[in-house]
Amino acid sequence: DAIEAGKVTNTEIMAVISNNAGAKALDRAAKHGIEGSLLSPKDFASREAFNEAFTAKMIELQPDLIVLAGFLVKIV
């Protein structure tokens, strides 16, 4: 909202990732043409497999900044 209102400039949200399929952030991302991904530890055989998938996603996206707002998963 702040980007659209011009309150935050020189910023691009490139992706929204949630561990919760019902997260409103995923819906908002879709409405704005932003990539949305569901990445939940429950969908992986082990925590290590989840961590590897999360890391691979970050490498793919190559963001300048990662904000884990409401992402209630421990990242190691």
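## Salt bridges, ring pairs and the largest pocket

Lys57 and Glu35 are joined by a salt bridge, with their closest N and O atoms 2.5 Å apart. This bridge ties together distant parts of the chain, since Lys57 lies in helix H2 and Glu35 in strand S2 (residues 35–38), 22 residues apart. The model is a predicted one, and the values below are computed from it.

### Salt bridges

The structure holds three salt bridges. They are set out in the table.

| Salt bridge | Closest N to O distance |
|---|---|
| Lys57 and Glu35 | 2.5 Å |
| Lys57 and Glu60 | 3.3 Å |
| Asp1 and Arg28 | 2.5 Å |

Lys57 appears with Glu35 and again with Glu60. Lys57 and Glu60 both belong to helix H2, where they sit three residues apart, about one turn of the helix. Through shared partners, the salt bridges join Glu35, Lys57 and Glu60 into one network.

Is each member of this network buried, partly exposed or exposed? Lys57 has a relative accessibility of 14%, and because the limit for buried is under 20%, Lys57 counts as buried. Glu35, at 30%, counts as partly exposed. Glu60, at 54%, counts as exposed, because exposed means over 50%.

The salt bridge between the side chains of Asp1 and Arg28 has an N to O distance of 2.5 Å. This pair also links distant parts of the chain: Asp1 is in the segment before strand S1 (15–18), Arg28 is in helix H1 (residues 24–31), and 27 residues separate them. Asp1 is exposed, with a relative accessible area of 63%, while Arg28 is partly exposed, with 42%.

### Aromatic pairs

The count of aromatic pairs comes to two. One is formed by Phe44 and Phe50, whose rings are edge-to-face at 5.9 Å centre to centre, with 70° between the planes. The other pair has Phe50 and Phe54, with ring centres 6.2 Å apart and planes at 35°. Why is the pair of Phe50 and Phe54 tilted? Planes under 30 degrees apart would count as stacked and planes over 60 as edge-to-face, so the 35° between these planes makes the pair tilted.

Phe50 and Phe54 lie four residues apart in helix H2 (residues 47–61), which places them about one helical turn from each other. Both Phe50 and Phe54 are buried. For Phe50 the relative accessible area is 0%, whereas Phe44 is partly exposed, with 27%. Taken together, the ring pairs link Phe44, Phe50 and Phe54 into a cluster. Helix H2 thus holds the ring pair partners Phe50 and Phe54 as well as the salt bridge partners Lys57 and Glu60.

### The largest pocket

The largest pocket encloses about 1,100 Å³ of space. It is lined by 33 residues, and those closest to its centre are Ile13, Met14, Ala15, Val16 and Val67.

Which elements supply at least two residues each to the lining of the largest pocket? They are S1, H1 and H2. The largest share comes from S1, with four residues.

By class, the lining of the largest pocket is made up of 22 nonpolar, six polar and five charged residues. Helix H2, which contributes to this lining, is also the helix that contains Lys57 and Glu60.

Technical notes
Residues numbered from 1 in each chain as written. Predicted model: local features only at pLDDT ≥ 70, side-chain atom pairs only at ≥ 80, totals over all residues. Heavy atoms only, no water. Phe/Tyr/Trp six-rings, centres within 6.5 Å; stacked < 30°, edge-to-face > 60°. Buried < 20%, exposed > 50% of the residue type's maximum accessible area, 1.4 Å probe, protein only. Salt bridge = Lys/Arg side-chain N within 4 Å of Asp/Glu carboxyl O. 1 Å grid on protein atoms, 1.4 Å probe; cavity = no way out; pocket = protein on both sides within 12 Å on 5 of 7 lines; lining within 4 Å. Points joined across faces, edges and corners; volume = space filled by probe spheres on them. Nonpolar A, V, L, I, M, F, W, Y, C, P; charged D, E, K, R; others polar.
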